[in-house]
Number of protein chains: 2
Amino acid sequence: MPVLRSDAARSRARILDVARRHDPGALRFNDLAREAGVGVGTVYRHFPTTHALVEALTLDTLERLRVLVRAALAESDAGTAIADLLRAALDLQLEEGGLQPVLLSAEDESDEVHEAKQEILGGFEQILVRARAAGVVRPDLSTEQVEHLVCGMEHAVRLGASSDREPYLEILLAGLRPV
Amino acid sequence: MPVLRSDAARSRARILDVARRHDPGALRFNDLAREAGVGVGTVYRHFPTTHALVEALTLDTLERLRVLVRAALAESDAGTAIADLLRAALDLQLEEGGLQPVLLSAEDESDEVHEAKQEILGGFEQILVRARAAGVVRPDLSTEQVEHLVCGMEHAVRLGASSDREPYLEILLAGLRPV
DNA sequence: CCCGAAACGGATTCTCCATCCGCTTCTGCG
DNA sequence: CGCAGAAGCGGATGGAGAATCCGTTTCGGG
């Protein structure tokens, strides 16, 4: 990443700025270009694919999640750690619609995103290991399955008019406990 | 519905037949037309919108679900009834990708679909009432919330490589139980 | 100030969606 | 049977959006 030329940095910032005001699931490069006052070519140069743009938009949120994972790792009670983390992950996904695709996608286009995801997923695995050991999460569930469950819960919350995630989170946590 | 002319019935059947071999989430009318050996106009005449086509494709599955709801209503144990029904609903959704959109959509384009949905949703509500009364489902959850949870579970199962829905179903049922 | 590299922009091409209307096929009736 | 007109057909067509390509402009180090 050889430092951006000043005009390039300006364009990039404008595009991201405009993109943030759009539904992350329906980004139209031509519209973004017009609204940002740049050519379409410029948008495509900065973000070769929609996914690259979504990653860039999501990076902040991803960093926030990374911090929350560190906090959870520092928490001594395994039950509290996992409950807090799942709540945070769900909230962030609800707040930033682009987060779920980024977390689920196997191919990361940006190194920063890749690195953040590595730490997040690794940390999550750790916390889950502790939670299993402490008997607050069923030992027969894989890390992936729990990740998928969080995504499923996001989906469920989004289907409702009110987006009160608390009942859904309770159900998830109760369901995860060993029988 | 004033009975179809013979050529119209043939076209309709061909289109549905071809559509069934496609991903319900990515139906391209031009492709269907070519593969079915009819003009695009014909496809649009029979199914003015993608949703209308999905409804038609889904009707069989919807009827199956209706039958399963009746069976659940006849079951005397409320816990068994709801567990069986949720399992069935999840399985049908996984099997027929178009089912979730049809169940969730508020506007039904076909009367048959509307009627089936009425019975299904009404019956489900009944079963849920009994389940709450029997103490197998938390009383603070609305019918809609439970519906959304099933959809969320479908989403979660689909994210995984293996589509073994059993663990997800167990988690859902455990989570639904009162604390 | 100059020059090569970097970035820009938008015309253009390609693909896919959806409509419209002249032509064909069906069917019921005389 | 054969005809009339209703019903259905089909694909050319116009429109919208995606993505590319290349001549022009801008930047910044020497």
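Which atom of DNA strand C lies 3.5 Å from a backbone N or O atom of V40(A)? I looked this up before anything else, and my note reads: a base nitrogen. I count a polar contact as a pair of N or O atoms within 3.5 Å; within protein, one must be able to donate a hydrogen and the other to accept it, and residues adjacent in sequence count only if both atoms are side-chain atoms.

**Ground rules**

I am working with a predicted model, where local features need pLDDT of at least 70, side-chain atom pairs count only at pLDDT 80 or more, and totals for chains, interfaces and linings use all residues. Residues are numbered from 1 along each chain as its sequence is written, chains are lettered from A and ligands numbered from 1 in the order in which they are written, and side-chain values use heavy atoms, with hydrogens and water left out.

**Entry: DNA strand C**

I went on around DNA strand C and found 20 residues surrounding it, the closest being R5(A), S11(A), G41(A), R45(A) and R28(B). A residue is near a strand here if one of its heavy atoms lies within 4 Å of it. Of the strand C atoms that come within 4 Å of the protein, 61% are accounted for by sugar and phosphate.

Two phosphate contacts went into my notes. The side chain of S11(A) has an N or O atom 2.5 Å from a phosphate oxygen of strand C. For T42(A), a polar side-chain atom is 3.1 Å from a phosphate oxygen of strand C.

Next I asked which helices supply this surface. α1 (6-19) and α3 of chain A, along with α1 (6-19) and α3 of chain B, each give at least two residues. The largest share, five residues, comes from α3(A). Helices are DSSP runs (H or I, at least four residues), as are strands (E, at least two), numbered from the N terminus.

By residue class, I noted four nonpolar, nine polar and seven charged near strand C. In this scheme Ala, Val, Leu, Ile, Met, Phe, Trp, Tyr, Cys and Pro are nonpolar, Asp, Glu, Lys and Arg are charged, and the others, Gly among them, are polar.

**Entry: DNA strand D**

I turned to DNA strand D, which 19 residues surround; R5(A), R5(B), S11(B), G41(B) and R45(B) are the closest. Sugar or phosphate makes up 63% of the strand D atoms within 4 Å of the protein, and bases make up the rest.

Chain A reaches bases of this strand. A polar side-chain atom of R5(A) is 3.0 Å from a base oxygen of strand D, and a side-chain N or O atom of N30(A) is 3.2 Å from a base nitrogen of strand D. From chain B, S11(B) has a side-chain N or O atom 2.4 Å from a phosphate oxygen of strand D.

Which helix gives the most to the surface near strand D? I found α3(B), with five residues. The residues near strand D divide into four nonpolar, eight polar and seven charged.

**Entry: how the two chains relate**

I laid chain B on chain A: a turn of 180° and a shift of 0.1 Å along the axis give an RMSD of 0.1 Å. The two copies are thus related as by a two-fold rotation axis. The superposition is by least squares on the C-alpha atoms of residues with pLDDT of at least 70 in both. The same surface serves both copies, with 100% of the contact residues of chain B recurring in chain A; contact means heavy atoms within 4.5 Å.

**Entry: aromatic pairs**

I looked for ring pairs and got two over all chains. The ring centres of F29(A) and Y44(A) are 4.7 Å apart with planes at 50°, so I logged the pair as tilted. Rings of Phe, Tyr and Trp (its six-membered ring) pair if their centres lie within 6.5 Å; planes under 30 degrees apart are stacked, over 60 edge-to-face, and the rest tilted.

F29(A) is buried at 5% relative accessible area, whereas Y44(A) is partly exposed at 45%. Buried means under 20%, exposed over 50%, and partly exposed in between (1.4 Å probe, protein chains only). In chain B, F29(B) and Y44(B) have ring centres 4.7 Å apart and planes at 50°, so that pair is tilted.

**Entry: one spot in chain B**

Last, I checked A52(B), which sits in helix α4 (residues 50-74) of chain B and is buried at 12% relative accessibility. Not counting residues up to four places away in sequence, A52(B) touches F47(B) and E109(B). The C-alpha atoms of A52(B) and E109(B) are 6.1 Å apart, with their positions 57 residues apart along the chain.
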